[in-house]
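Let's take a walk through this fold together. Have the model open and follow along.

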Amino acid sequence: MAPVTVPTLKLNDGNEIPMLSYGFGTANFAGAEDDIKDKTVMAIKSGYYHLDCAECKPPISLLSCYMNESGVGAGIKASGVEREKLFVTTKVVGTKNQDVDAALDTSLKKLGLDYVDLYLLHVPFSAGGPEGTQNIWKQLEAVQESGKAKSIGVSNFMQDDLELIFKVAKITPAINQLEYHPYLQHGDLLDFNRKHGIAVAVYSPLSAITAARPGPVDEVYAELAKKYGVSESDVGLRWCLDQNIVTITTSSSKERLDGYMKNTFSFRLVPQEIERISELGKQKHYQGLGMAFMTKYYGNYKVEQEAA
Ligand SMILES: NC(=O)c1ccc[n+]([C@@H]2O[C@H](COP(=O)([O-])OP(=O)(O)OC[C@H]3O[C@@H](n4cnc5c(N)ncnc54)[C@H](OP(=O)(O)O)[C@@H]3O)[C@@H](O)[C@H]2O)c1
């Protein structure tokens, strides 16, 4: 397959992020090191130079990351692609009193890198309370200043979580990584992010095809796939990309990865088609189990406050 140049999005700090990313959570969670290494090589060789990782700190395991950062590191090395060409994201959970600099050092060691391109605060609720979250953000600012993270941002932040950060931030988050698909559009949240110069990245973009089927967008996905001669997944990814959203997917299949790379940049949805999917999607609500998982293992002060 001829190499495809993935378009980039300019962040508020001037850095550029590739719009399509390969993720190491979900299906790759806790994968065996050799398997993750092979998947990393496969993804990079298919043109996915933006890799989305995360630490997974105790109590889940004494290992770090989505429990596979070392495998990603081995894969990066084996791919032979120069470090500067890759865009590596990882995340810190942000538990109460967590030492962010030390967490990043652990991630860098596992990844075999001396910097990450993007470091994210994984969730807004695990730091024991609002001051804890603000404290973690200040520590992220410090690691950006140290040069160990080129850009910093957040993940799973709703409007009130962002407002909490704004009260103490010297640096505005460059990006907010959210679950997003037709059945979880978050009302005005994307506009709120952009109004404040925060780019939007999304995970689980294919939920309407994978976990939440059947549903009201099935027909329009099939119709548009036929019209453009692509797969329904390509339509699902394009619906995000056409909204200027950095889109994170994953796959164990080289065929699928090559297909996304070839097809999603070969067509565009017209505004009426984007709108049609959005409107139909609002008829159903679906959210994956990721946040319940994080809440179970790391705590959620918002839920605890509501229960009290
Ligand atoms: N920040 C956060 O809190 C957070 C949370 C969750 C995820 N993430 C990130 O986002 C990445 C992507 O998330 P995701 O896996 O939910 O993305 P997704 O793109 O919605 O789903 C990808 C999964 O769908 C499967 N799939 C694709 N097409 C299919 C089809 N036609 N039929 C059945 N299955 C199909 C793939 O399996 P195959 O292997 O068969 O292709 C793969 O496991 C994660 O790896 C992680 O890096 C971040």
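What follows goes from the strands to the helices and then to a few backbone oddities.

Keep in mind that this is a predicted model. Start with the barrel: eight strands close up in the order β3-β4-β5-β6-β7-β8-β9-β10, with parallel pairing. On average, neighbouring strands of this sheet are turned by 30° against each other, direction ignored.

Strand β3, residues 20-23, is a good place to zoom in. Leu20 and Tyr22 point one way from β3, Ser21 and Gly23 point the other way, and all are buried. On one pairing, β3 runs parallel to strand β10 (residues 246-249), joined by three bridges, and Leu20 has Thr247 as its bridge partner there. β3 also pairs in the parallel sense with strand β4 (residues 50-52), this time over two bridges, with Tyr22 standing opposite Leu51. To get from strand to strand, look at helix α1 (residues 33-45): together with β3 and β4 it makes a right-handed β-α-β unit.

Elsewhere in the barrel, strand β8 (residues 175-179) and strand β9 (residues 199-203) run parallel and are joined by five bridges. One pair to click on is Leu178 with its bridge partner Val202 in β9.

Now for a spot flagged in a record. UniProt, in an unreviewed entry, lists His122 under "binding site". You'll find His122 in the loop between β6 (116-121) and α4 (130-146). Is this loop residue buried or exposed? His122 counts as buried, because it has 24 C-beta neighbours inside 10 Å. Leaving aside neighbours within four places in sequence, His122 is in contact with Ala54, Lys91, Val92, Val93, Gly94 and Ser155.

Glu69 is another one to check, and it sits in helix α2 (residues 69-79). Glu69 has 28 C-beta neighbours inside 10 Å, so it counts as buried. The C-alpha atoms of Glu69 and Ala30 are separated by 9.4 Å, with the two residues 39 apart along the chain.

Next, the helices later in the chain. The axes of helix α7 (residues 218-228) and helix α8 (residues 232-241) come within 8 Å and cross at roughly 100°. That angle is why α7 counts as roughly perpendicular to α8. Where they meet, Tyr221, Ala222, Leu224 and Ala225 come from α7, while Glu232, Asp234, Val235 and Gly236 come from α8. α8 is mostly covered, with nine of its ten residues buried; among them are Arg238, Trp239 and Cys240. What do those buried residues pack against? They pack against β9, α7, β10, α9 (254-263) and α10 (271-281).

Finally, the backbone oddities. Most residues other than glycine have a negative phi, and most peptide bonds are trans. Arg213 and Pro214, though, are joined by a cis peptide bond, with omega about 0°, and Pro214 is in the loop between β9 and α7. Thr26 is not a glycine, yet has a positive phi of about 40°; look for Thr26 in the loop between β3 and α1. With 16 C-beta neighbours inside 10 Å, Thr26 counts as partly exposed. His186, also not a glycine, has a positive phi of about 65° and is in the loop between β8 and α6 (189-195). His186 has 16 other C-beta atoms within 10 Å and is therefore partly exposed.

Definitions and conventions. Residues numbered from 1 in each chain as written. Predicted model: local features only at pLDDT ≥ 70, side-chain atom pairs only at ≥ 80, totals over all residues. Pairing = 2+ DSSP bridges. Helix = DSSP H or I, 4+ residues; strand = E, 2+ residues; numbered from the N terminus. Axes fitted to C-alpha atoms, helices over the stretch in contact; angles between N-to-C directions. Buried ≥ 20, exposed ≤ 12 C-beta atoms within 10 Å, placed from the backbone. Right-handed = clockwise from strand over helix to strand, strands pointing away. UniProt positions renumbered as here; feature names shortened; annotations may be inferred. Contact = placed C-beta atoms within 7 Å. Parallel < 35°, antiparallel > 145°, perpendicular 65-115°, else oblique.
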